[in-house]
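Thanks for coming. I will go through one structure this morning, part by part, with the picture on the screen.

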Amino acid sequence: MGGARWMKSLTLVALLLTTTLGAEAQIKQTPYLSNGELTHTGKTIKLTVSSPRPMEQAVSTIRQEYGLILDYEEGAPPKSRKPRSAPYGPDPRGGAYIIRIPELPSTDLKEEIRFLNRMLREFAKQGLRGFSIFPAPNHGLTIAPSRKSQRFLDTPIAIERRKRTFNETIETILSELSRDTGPEIGRGGIVTGIDQANVLVGGPIPTPAREFLAQALDAVASEQFWILNWDPGMNAYGIAIQTVVSRGQVALQLTLVRASERSGHSR
């Protein structure tokens with residue numbers, strides 16, 4: 001029994017690692033893109049996605065392009081039917097979409113919400129619907145199922161309010177969620193450097209789990225986002241927490257590394 005549970009947890013971690021890094025497209029013999037594609041033309045952007053989880057790929061592409069704290073959550077299907085399309089887990093057929101929307105004019109929160117709502121409306125016109133945007137308490141923004149019954153992290157839980165490491169806090173939240181709702185939750189990677197930071201989270205009054213998660217994230221200095229995926233094959237959830245890194249930051253880091261290398265060679 002313990003061995004089976006251990007293997008299931010490993011499978012969930014593998015699921016999270018592949019989806020977080022955009023590796024869903026590395027499934028052999030499929031036309032999927034390894035990453036979404038975003039191009040700028042004047043005051044308009046063109047966003048192209050092709051993936052078993054097209055909305056997650058869109059969210060990932062936008063997050064990387066603009067450095068937004070943008071979470072993604074997909075829901076489990078109703079027990080009476082199989083998942084056919086988002087937001088009830090990945091569509092087995094995958095999906096390919098191209099949308100054009102006005103450029104994000106600034107990183108003002110209201111502008112970000114307007115921009116993301118336009119993105120969701122354009123996807124909905126092409127059949128990729130069922131998602132909405134929600135402000136995360138003291139954290140950022142979340143793209144999640146429109147139906148409240150499918151938003152797993154809205155489940156109220158109560159945990160003792162005390163200081164724990166960030167890692168212990170996440171484990172406590174997931175343990176309470178699993179105990180109260182039934183589905184198992186596998187945890188993927190947590191960014192090193194914050195896992196041992198002490199955070200004060202909790203309260204005796206049942207509170208949506210996402211609020212405790214947001215409190216924990218808000219208590220650490222670096223900007224984090226989370227991804228919650230539903231695996232219909234495992235009948236379980238998986239969550240990963242990562243640091244927001246924009247393409248601009250990556251380009252700057254590469255420039256600094258190359259400059260350092262050139263300086264080293266010239267000596």
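Start with the sheet, and keep in mind that this is a predicted model. Three strands make up an open sheet, in the order 1-2-4, with antiparallel pairing. At the edges stand strand 1, residues 37-41, and strand 4, residues 95-102; each has a single partner strand, so one side of each has no neighbour in the sheet. On average, neighbouring strands here are turned by 15 degrees against each other, ignoring direction.

How many bridges join strand 2 to strand 4? Eight, and the two strands run antiparallel. If you want one pair to look for on the screen, take S50, whose bridge partner in strand 4 is A96.

Two helices pack on this sheet. Helix 2 touches strand 1, strand 2 and strand 4, and its direction makes about 140 degrees with that of strand 2. Helix 3 touches strand 2 and strand 4, and its direction makes about 135 degrees with that of strand 4.

Let me stay with helix 2 for a moment. The helix covers residues 54-66, and at 1.5 Å a residue its 13 residues should span 18 Å; the C-alpha atoms at its ends are 18 Å apart, so the two figures agree. Is helix 2 mostly covered or mostly open? Mostly covered: 11 of the 13 residues are buried. Among them are M55, E56, A58, I62 and Y66. After the helix comes G67, with a positive phi near 65 degrees.

Now the interior. The largest nonpolar core contains 29 residues, and L47, M55, I62, M119 and F123 are those with the most contacts inside it. Several elements give two or more residues to this core, including strand 2, helix 2, strand 4 and helix 3 from the part we have just seen. Also on that list are strand 3, strand 5 at 131-135, strand 6 at 141-145 and strand 10 at 224-231.

F123 is a useful residue to click on. Leaving out residues up to four places away in sequence, F123 touches L47, V49, M55, A58, Y97, I99 and L128. There is also a second, separate core of 25 residues, which includes L174, V220, Y237 and I241.

A little further along the chain is Q126, in the loop between helix 3 and strand 5. Q126 counts as partly exposed, at 38% relative accessibility. Apart from neighbours within four places in sequence, Q126 is in contact with Y97, I98 and I99. Between Q126 and I99 there are 8.9 Å in space, C-alpha to C-alpha, although they are 27 residues apart in sequence.

Next, charges. The whole structure has 10 salt bridges, and I will show three.

The first one on my list joins the side chains of E56 and R53, at 3.8 Å from N to O. Are these two residues buried or exposed? E56 is buried, with a relative accessible area of 3%, and R53 is buried too, at 8%.

Then there is the salt bridge between the side chains of E73 and R210, at 2.8 Å from N to O. E73 is in strand 3, residues 70-73, and R210 is in helix 5, residues 209-218, so the pair ties together parts 137 residues apart in sequence. E73 is buried, with a relative accessible area of 0%, and R210 is buried at 15%.

The last of my three links the side chains of E111 and R114, at 3.0 Å from N to O. Both residues lie in helix 3, residues 109-125, three residues apart, which is about one turn of the helix. As a reminder, an α-helix has 3.6 residues a turn, so residues three or four places apart point the same way. Unlike the buried pairs, E111 is partly exposed at 24% relative accessibility, and R114 is partly exposed with a relative accessible area of 40%. Elsewhere, salt bridges with shared partners join E73, K148, R151, D154 and R210 into one network.

That brings us back to R210 and the helix holding it. Why call helix 5 largely enclosed by the rest of the structure? Because seven of its 10 residues are buried. These are A209, R210, F212, L213, A214, A216 and L217.

That is what I have; I will leave the picture up.

Terms used. Residues numbered from 1 in each chain as written. Predicted model: local features only at pLDDT ≥ 70, side-chain atom pairs only at ≥ 80, totals over all residues. Heavy atoms only, no water. Helix = DSSP H or I, 4+ residues; strand = E, 2+ residues; numbered from the N terminus. Expected span 1.5 Å × (residues − 1). Buried < 20%, exposed > 50% of the residue type's maximum accessible area, 1.4 Å probe, protein only. Salt bridge = Lys/Arg side-chain N within 4 Å of Asp/Glu carboxyl O. Pairing = 2+ DSSP bridges. Axes fitted to C-alpha atoms, helices over the stretch in contact; angles between N-to-C directions. Contact = heavy atoms within 4.5 Å. Core = buried A, V, L, I, M, F, W, Y, C linked by side-chain atoms within 4.5 Å.
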